[in-house]
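Please open the structure in your viewer and keep the sequence beside it, since this tour moves from one selection to the next.

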Amino acid sequence: MASRKQLIHASKLTRAIEFKAVLAGPGRVSGANFLLRAVIAGLPQARLGLIASRKATRRAVDRNRGKRIAREAFRAARLDYPALDVVVQLKNDLRKSGNRSLRLELDQLLSKLQSRHGSEKASVKTPAMAAHTVVSEK
């Protein structure tokens with residue numbers, strides 16, 4: 001039995017044909033460190049695929065860190081998103097950015113995907129986004 005902190009197998013894109021379908025789709029948002037692509041899936045839950053190439057990030061420790069942060073962000077918010085197949089691709093070396101800034105970037109990109117694909121559920125801020133929300137006082 002999978003713990004609550006693990007993504008179950010049904011929540012992952014695993015086959016090449018699934019990745020090709022998402023990569024060929026029109027839904028795409030990009031940030032400084034990540035590129036997210038998404039298509040509406042015919043399944044009841046959102047699924048995640050990860051692409052972390054050596055071309056983008058040379059060191060394995062950086063690739064693994066990027067994938068871990070992407071899984072955490074997706075897992076924390078997957079119930080708030082429509083049934084999308086989402087592929088997260090690392091764009092560049094992550095050594096220049098801290099974990100909090102990477103997580104915030106992913107949360108913002110996932111929110112953009114949610115708004116573009118018309119989720120029936122209200123937009124809910126993930127814990128990382130709530131922690132970084134700045135309230136201006138006048």
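By class, how many nonpolar, polar and charged residues does the lining of the largest cavity have? The model is a predicted one, and the tour reaches that lining after a look at the whole chain and at one helix.

Begin with the whole protein coloured by secondary structure: 4 helices and 4 strands are present, and from the N terminus on they follow the order α-β-β-β-α-β-α-α. Of the 138 residues, 43% are buried, while the accessible surface comes to about 8,500 Å², with 52% of that area belonging to carbon and sulfur atoms. If you display contacts between residues at least 6 apart in sequence, 81% of them join residues at least 24 apart.

Next, select helix α1, residues 16-24, and show the side chains of E18, F19 and V22, which are its buried residues. These lie on the same side of α1, because they cover an arc of only 95 degrees around the axis. Turn to the other side of α1, and you will find A16, I17, K20 and A24 exposed. Returning to the buried residues of α1, add β2 (34-40), β3 (47-51) and β4 (84-90), which are among what covers them.

Finally, select F74, Y81, L84, V86, L110, L113 and Q114, which line the largest cavity, a space with a volume of about 30 Å³. Both β4 and α3 (99-116) supply at least two residues of this lining, and the largest share, 3 residues, comes from α3. As for the opening question, the lining has 6 nonpolar residues, 1 polar residue and no charged residues.

Key:
Residues are numbered from 1 along each chain as its sequence is written. This is a predicted model: local features need pLDDT of at least 70, side-chain atom pairs count only at pLDDT 80 or more; totals for chains, interfaces and linings use all residues. Side-chain values use heavy atoms; hydrogens and water are left out. Buried means under 20% relative accessible area, exposed over 50%, partly exposed in between (1.4 Å probe, protein chains only). Contact means heavy atoms within 4.5 Å. Accessible areas come from the Shrake-Rupley method with a 1.4 Å probe; for residues, only the protein chains shown count as cover. The arc is that of the directions from the helix axis to the C-beta atoms. On a 1 Å grid over the protein atoms alone, a cavity is a set of points where a 1.4 Å probe fits but cannot get out, and a pocket is an open set with protein on both sides within 12 Å along at least five of seven lines; lining residues have an atom within 4 Å of a point. Grid points are joined across faces, edges and corners, and a volume is the space filled by probe spheres set on the points. Ala, Val, Leu, Ile, Met, Phe, Trp, Tyr, Cys and Pro count as nonpolar, Asp, Glu, Lys and Arg as charged, and the others, Gly among them, as polar.
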